[in-house]
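Biologist: Please take me through one part of this model in detail. I would like the sheet and its surroundings, and then a look at the aromatic rings.

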Amino acid sequence: MTIELKDSENKLSFKNYKQTLLDDFRLVMLSRELSLIGRKEVLSGRSQFGIVGDGKELPQIAMAKVFKEGDFRSGYYRDQTFMMAIGQLPVSQFFAQVYTHAGIENDPHSGARQMTCHYGTRSLNEDGTWKDLTKIKNSSADVSTTSGQMPRLLGLAQASKLYRNLESLSHLTHFSSNGNEVAFGTIGNASCAEGNFFETMNAAAVIQGPMIISVWDDDYGISVQNDLQVAKSDISEALKGFQRTPDKKGFEIIKVKGWDYPALVEAYERAEKIAREEHVPVLVHVIELTQPQGHSTSGSHERYKSKERLEWEREYDCIVKFREWLLSIEIEGENIFTEEELNTIHQEVKKEAKEARKAGWNAFQNPMKELKSSFLQVVEPILGQSSNKNFIQPLLDKLKKERLLKRDIYTIGRKILRILSKENIDRSKLSQWLEDNLAKDRELYSSHLYSESKYSPLKVEEVEIEYADDAPMVDARLILRDNFDALFNKHPELVTFGEDTGKIGGVNQCFEGLQEKYGEERVGDTGIRETTILGQGIGLAMRGLRPIAEIQYLDYIYYAASQLTDDLATVHYRSAGGQKAPVIVRTRGHRLVGIWHSGSPLGALVGMLRGIHVLVPRNMTQAAGFYNTLAISDDPALVIEPLNGYRLKEKMPSNLGEFRIPLGKVETTREGKDITVVTYGSTWSEVTKAAQELAELDIEIEIIDAQSLLPFDLDHDIIKSVQKTNRLVVIDEDVPGGGSSFILQKILEEQDAYHYLDSKPLTITAVENRTPSGFDGDYFSKPQVEDIVEKIYEFMQEVNPGKYEGIY
């Protein structure tokens, strides 16, 4: 390559150009050295597992050149070089991840809760308030699930569109500069076979937001080649139908070789201009990449790649080709880079990487040594008093090994405590040491599952529902509609979207007329695509908006299950409190008709959604109160409205948008002396009807509406009822052992209710099969009034067989 210089100004610009190339070469070489060392540390046993970014260095350098403050990355776990290039991954943090050095001061990306190559910048201040995201080069917290990063990318891009188009958001200048931010997504070629990828690309083509999706294509997905991954063995060829045309929206497609530095720089400059200025998504398909060390430290790629392929990869390694290109650049017939110059840089970065490895290991081990020293100061004085010294000393000798983990110290300490428990020795200091230090380290690994800030929904003060003296009885859906109207009027950052949510106001008309009032971008329709509806919510929430993502029916939530459990539920936790996504997921369920409109799988949901509040209001007034609470707090939540309650009559509150129902608080809706009955959702109305018939049979049940399952009865009010009645029944519409099992664990184990029970607890649930269609299908599958009356009556026969004779 020959470059011509014409004047001193060009000479100056070329000097800068040369330095840029040298800096780029230094960075790709440093990143490669870190990858090589990272793999060795796993193989040596100092690290558990390793995914690194070798082979993808050069295109990531090019992408970083157009990534600006305010932009967001939603990435693939190979983006190590990119994160280094934007200044968000010092080498010390790389090794903190390799060694899982816990604490955000060591690994600010996740506090070592995630493995190597999983990144996330810190969007929040220590008090939970937002930083100025326009001053940060942002990376949303990574996930390992292949293509799991894609749905969230859609929302990150859509946020720029809303910030540009909605004047009502102009005051939120710490989130956006007039919507000029681009969302950068990265993904491996094989992960493009996932449904998440295709759904996101389709939605992006429809929504049209500033998005650049880079596919790092090395022709393999572990051992499986592209011909078994995507159509035509080429994702950009497969997606040509999405290419925009002069008269049809779509996205731009750019294909570029991953070892061609000038072409890569040009490709990303072009992509950025289209995305940033036109708000059009761009797919950059980066081909002919390699993966020099294979997929991960769990195996070798020599097992499945041919000799010819391996030879090609050595020749076309992007760093090899970059070096060749640098050495080919000439000015007036002379090379501007020499072998010696590049070799010197290589040796310098090798030394830097080795020194960083040593420093990282020492930084990781020093706290272990301090913990060991503290432990020995406590245990050694006890050792001389013990008759089991010969058993204990070998345990302490194990602590002399070089590679020490906290678990080694605690395991030995707890073992010694068990040994000493058989002796008449004061072991209180050891017991206290273990208790204090275990609590501290458990917190290090377990904090921030939910918000710990002043904006936590658990800290929102209750505001009671108010009614005018002449408050009318109305269809319950009108309470939700008018409450949403009040919320949207008060909170300009509130948006909602879902299937049929916009124009017709939802399948139950709870947004009736609100699109016309607030516009399509705040109250919008989407295609039938639950995964990316949820992804939109996550991305929008990460950029300061307050989305209500609607999943039309609870039965369809499984389409979005991965985004719920792997992404939304873990955002705050996996970033160790560095990021949040306060999405309100609105849906309806429990009881209507048929297999896919009568789901109530609360056992499954509370099992997989720790990190999301799961709320189960019995009616629309309660649901509205939850929405009012969530609108001013910073945790994600799933609100399940009772599907059969929209046309039932409820009294219209006078303080719509203001009354707030606290999370984790139960409500006793009927006093009774004989049995405590705990229920929630649609079943509450059946239990209430049954209570009237049971009263005629001289059985007075106390009905407690759980209202929320995550969290559950934080004040332990249920135990107070059990202490009075000495009997417990849990009723829900989940399968046997589902939601009722969770509730029993909370009441019996956490609240110690078993102390006060005179009878074993009873659960009344739906049957094991899904609900068949029709009224009769419901009758034979879900708990009916008759079922509840008869089973509770039989339950009372044990108490007083003479009084309560058999019904049948």
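Modeller: What follows covers the sheet, one of its edge strands, and then the aromatic pairs. Keep in mind that this is a predicted model.

Start with the strand order. The sheet is open and has five strands, arranged β20-β22-β21-β24-β25, with mixed pairing. Its edges are β20, residues 667-670, and β25, residues 762-764. Each edge strand has a single partner strand, so one side of each lacks a neighbour in the sheet. Direction ignored, neighbouring strands here are turned by 25° against each other on average.

Now move inward. Strands β21 and β22 run parallel. Five bridges join them, with β21 spanning residues 675-679 and β22 spanning 701-705. One bridge partnership to look for is I675 with I701, the latter in β22. In general, strands of a sheet pair through backbone hydrogen bonds, either parallel or antiparallel.

A helix belongs in this picture too. Helix α23, residues 717-725, lies across β21, β22 and β24. Strand β24 covers 728-731. The helix runs at about 150° to β21.

Go back to the edge for a single residue. T668 is found in strand β20. Its relative accessible area is 37%, and 20% to 50% counts as partly exposed, so T668 is partly exposed. Beyond its neighbours within four places in sequence, T668 is in contact with E702, I703 and I704. Take I703: its C-alpha is 5.8 Å from that of T668, although the two residues are 35 apart in sequence.

Next, the rings. The structure holds 28 aromatic pairs. A pair of aromatic rings is described by the distance of the centres and the angle of the planes. F94 and F95 form an edge-to-face pair, at 5.1 Å centre to centre and 90° between the planes. Both F94 and F95 are buried. W312 and Y316 show another geometry: their ring centres are 5.0 Å apart and their planes meet at 15°, so this pair is stacked. W312 is partly exposed, with a relative accessible area of 23%.

Charges sit over two of the rings mentioned in this part. The charged end of K321 sits over the ring of Y316, 4.6 Å from its centre. The charged end of R46 sits over the ring of W361, 4.3 Å from its centre. W361 in turn belongs to one aromatic cluster with F94, F95, Y99 and F364. That brings the edge-to-face pair of F94 and F95 back into view.

Definitions and conventions
Residues are numbered from 1 along each chain as its sequence is written. This is a predicted model: local features need pLDDT of at least 70, side-chain atom pairs count only at pLDDT 80 or more; totals for chains, interfaces and linings use all residues. Side-chain values use heavy atoms; hydrogens and water are left out. Rings of Phe, Tyr and Trp (its six-membered ring) pair if their centres lie within 6.5 Å; planes under 30 degrees apart count as stacked, over 60 as edge-to-face and the rest as tilted. Buried means under 20% relative accessible area, exposed over 50%, partly exposed in between (1.4 Å probe, protein chains only). A charge sits over a ring if NZ of Lys or CZ of Arg is within 6 Å of the ring centre and within 35 degrees of the ring normal. Two strands pair if DSSP finds at least two bridges between them. Helices (H or I, at least four residues) and strands (E, at least two) are DSSP runs, numbered from the N terminus. Axes are lines fitted to C-alpha atoms, for helices over the stretch in contact, and angles run from 0 to 180 degrees between N-to-C directions. Contact means heavy atoms within 4.5 Å.
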